[in-house]
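Subject: Structure for you to look at, with notes

Dear colleague,

Please find below the structure that I promised to hand over, with the sequence beside it. My notes on what turned up follow directly after it, arranged by topic.

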Amino acid sequence: MATLARQTQLIPVAELAPGAVAAIRNNIIEQVVSIAASELGRPVTDLVVRDLRPYTDLKWGTNTDAVQAALTTDTWICQSDDAKNYNAFCNAISDSSSANVMADSRWIAIYGIKDLRMCLATAIARALTFLRINVGGNDRVIWDLSVIQSYPEAMAAICPSAVLIPQNVEYMIDFYGGLSNDGSSTDVNSYIMVEGVVVEPKGKVLSP
Amino acid sequence: MAVTSVSENGAVVAPPSPILTNLIPVQELAPGQIAAIKNEAIKALLAMASAQLQMSVDNLVVRDIMPYTDLKWGTDATTGLAKAALTTDIWYLQTDDSLTGYLPLVTSASTVMGDQKFCAIWGLRDARGAEATVVAQTTSLWKFDIGHSIKAIWDVSKLYAYRYNAYGICPSPVIIPQNVYYQIYGYSILVNVMSWLMLDGCIVEPRGKQVSP
């Protein structure tokens, strides 16, 4: 039997069978919970699965290599610096003082992306074309964000293989512009967010 | 998440599982899952209310949440999310014109759930897509503090990938039992703009307290 290739491609949710998104998400959560329970030596009932906080958990948009102004709050919306990331991958996570090391007792699985820009009164142009995620010094995925452009009413895509960022491991997310470099300070906002979950012990942030 | 097993006496045993507090856009759920999550939440809330009130479930009613009457939604205009305190049963409010970050919704004088009243919150809706002029996103995260413990942090941003159906649901509802402290926080990222977000959930209470079906 042939070995199955690792599927790292991004698939628009509009192209998946009903229930497939839930199946992929549930499978990924089950795997991350299992890894976290094993590494922490705790039962899975001691763990919580929660949403990502863009700044607090990931330090999203904190590197001015990729964005105009480093974010300091929990939002995904940032201004893409097209003078730098036009036709080039640029770091979007601050790498100063090891800010890009996952916290202790925290695991993050990233399994998709979403674009929020169609929910504006006037939908703006897209800012990014590719997203690259590096964990532990290895590029884990390179996602083509263009695949969701065909579905303006459902701008979400999911990957069958999650990117796992384990506790205390270095990671980096890179933005790739590739659309234009207007040469001015009127850069376009990026409304791209990554979809995923955080797994950590009860009481670290949540106590449900 | 995992396969259930059958115990020696034939009972179906659910496997141990972590608590899933993540918000999921309804478009990403399998058919029937929304109803299943809601029904489970209502069943759990009825069981809790029935046990605490020593009343049979026949004597209880399940109804929609009234934002002001039940939750005192948008009543904190001093340090809170609302620019002007709400005094009526409506979810919509204007965000504060200067404060950002986590801002409380409920004025500190009203942060205890009513007696004989139990509330379950299992989702968030955003009605801004239905307005003539669609405003921008006002909040990113929503945090629920019940009994001085943070029970959930939901990222509402993920709903906006779906232009016309911004509705998300959580597999584990946030429960506010009677007479228990609660506070709800919205993480403001845009000042002085209408927020069209509302919570999805229900109230369980004795018949006759509010409605008498």
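To begin with one pair of residues in chain B, Leu103(B) has Gly186(B) as its bridge partner in S12(B). Please keep in mind throughout that this is a predicted model, and that what I describe is computed from it.

The strand that holds this partner deserves a few more words. Strand S12 of chain B covers residues 182-188, and six of its seven residues are buried, so it is largely enclosed by the rest of the structure. Strand S7 (residues 101-104) of chain B is joined to S12(B) by four bridges, with the two running antiparallel, while strand S9 (residues 139-146) of chain B is joined to S12(B) by six bridges, again in the antiparallel sense. For that second pairing, Ile146(B) can serve as a landmark, since its bridge partner in S12(B) is Tyr182(B).

Chain B also has an open sheet of five strands, in the order S4-S11-S8-S14-S5, and the pairing in it is antiparallel. Its edge strands are strand S4 (24-25) and S5 of chain B, each of which pairs on one side only. Further in, S8(B) and S14(B) pair over eight bridges in the antiparallel sense, and Gly123(B) finds its bridge partner in S14(B) at Asp200(B). Helix H1(B) packs on this sheet, where it touches S5, S8, S11 and S14 of chain B, and its direction makes about 155° with that of S8(B).

That helix, H1 of chain B, runs over residues 33-53; at 1.5 Å a residue its 21 residues should span 30 Å, and the end C-alpha atoms are indeed 30 Å apart, which agrees. Which residues of H1(B) are buried? They are Ile37(B), Ala41(B), Leu45(B) and Ala49(B), and, seen down the helix axis, they fall within an arc of 95°, so they line one face of the helix. As background, an α-helix has 3.6 residues a turn, so residues three or four places apart point the same way. The face of H1(B) turned away from the buried side carries the exposed residues Ala35(B), Ala36(B), Asn39(B), Lys43(B), Ala47(B) and Ala51(B). Just after the helix, Gln54(B) takes a positive phi of about 55°.

Turning to chain A, helix H1 covers residues 20-40, and its 21 residues, at 1.5 Å each, should span 30 Å, which agrees with the 30 Å between its end C-alpha atoms. The buried residues of H1(A) are Val21(A), Ile24(A), Arg25(A), Ile28(A), Ile29(A), Val32(A), Val33(A) and Ala36(A); viewed down the axis of H1(A), they fall within an arc of 160°, so they line one face of the helix. What covers them includes strands S2 (47-51), S5 (107-115), S8 (156-165) and S11 (192-201) of chain A. Just after H1(A), Gly41(A) takes a positive phi of about 65°.

Of these strands, S11(A) has nine of its ten residues buried, so it is largely enclosed by the rest of the structure. S11(A) pairs with S2(A) in the antiparallel sense over five bridges, with Val48(A) standing opposite Glu200(A), and S11(A) also pairs with S5(A), antiparallel over eight bridges, where Ala109(A) has Val197(A) as its bridge partner.

The largest nonpolar core has 117 residues, and those with the most contacts inside it are Val32(A), Ala109(A), Ile113(A), Leu131(A), Val199(A) and Trp154(B). The element that gives the most to this core is S8(A), with eight residues. If you would like one residue to centre your view on, Ile113(A) touches, among others, Leu10(A), Leu131(A), Trp143(A), Leu145(A) and Ala157(A), leaving aside residues up to four places away in sequence.

Finally, as regards the two chains together, 42 residues of chain A are in contact with 43 residues of chain B. On the side of chain A that touches chain B, H1, S2, S5 and S11 of chain A each supply at least two residues, and the largest share, six residues, comes from H1(A).

With best wishes

Notes
Residues are numbered from 1 along each chain as its sequence is written. Chains are lettered from A and ligands numbered from 1 in the order in which they are written. This is a predicted model: local features need pLDDT of at least 70, side-chain atom pairs count only at pLDDT 80 or more; totals for chains, interfaces and linings use all residues. The expected span of a helix is 1.5 Å times one less than its number of residues. A residue is buried if 20 or more other C-beta atoms lie within 10 Å of its own, exposed if 12 or fewer, and partly exposed in between; C-beta atoms are placed from the backbone. The arc is that of the directions from the helix axis to the C-beta atoms. Two residues are in contact if their C-beta atoms, placed from the backbone, lie within 7 Å. A nonpolar core is a set of buried Ala, Val, Leu, Ile, Met, Phe, Trp, Tyr and Cys residues joined through C-beta atoms within 7 Å. Two strands pair if DSSP finds at least two bridges between them. Axes are lines fitted to C-alpha atoms, for helices over the stretch in contact, and angles run from 0 to 180 degrees between N-to-C directions.
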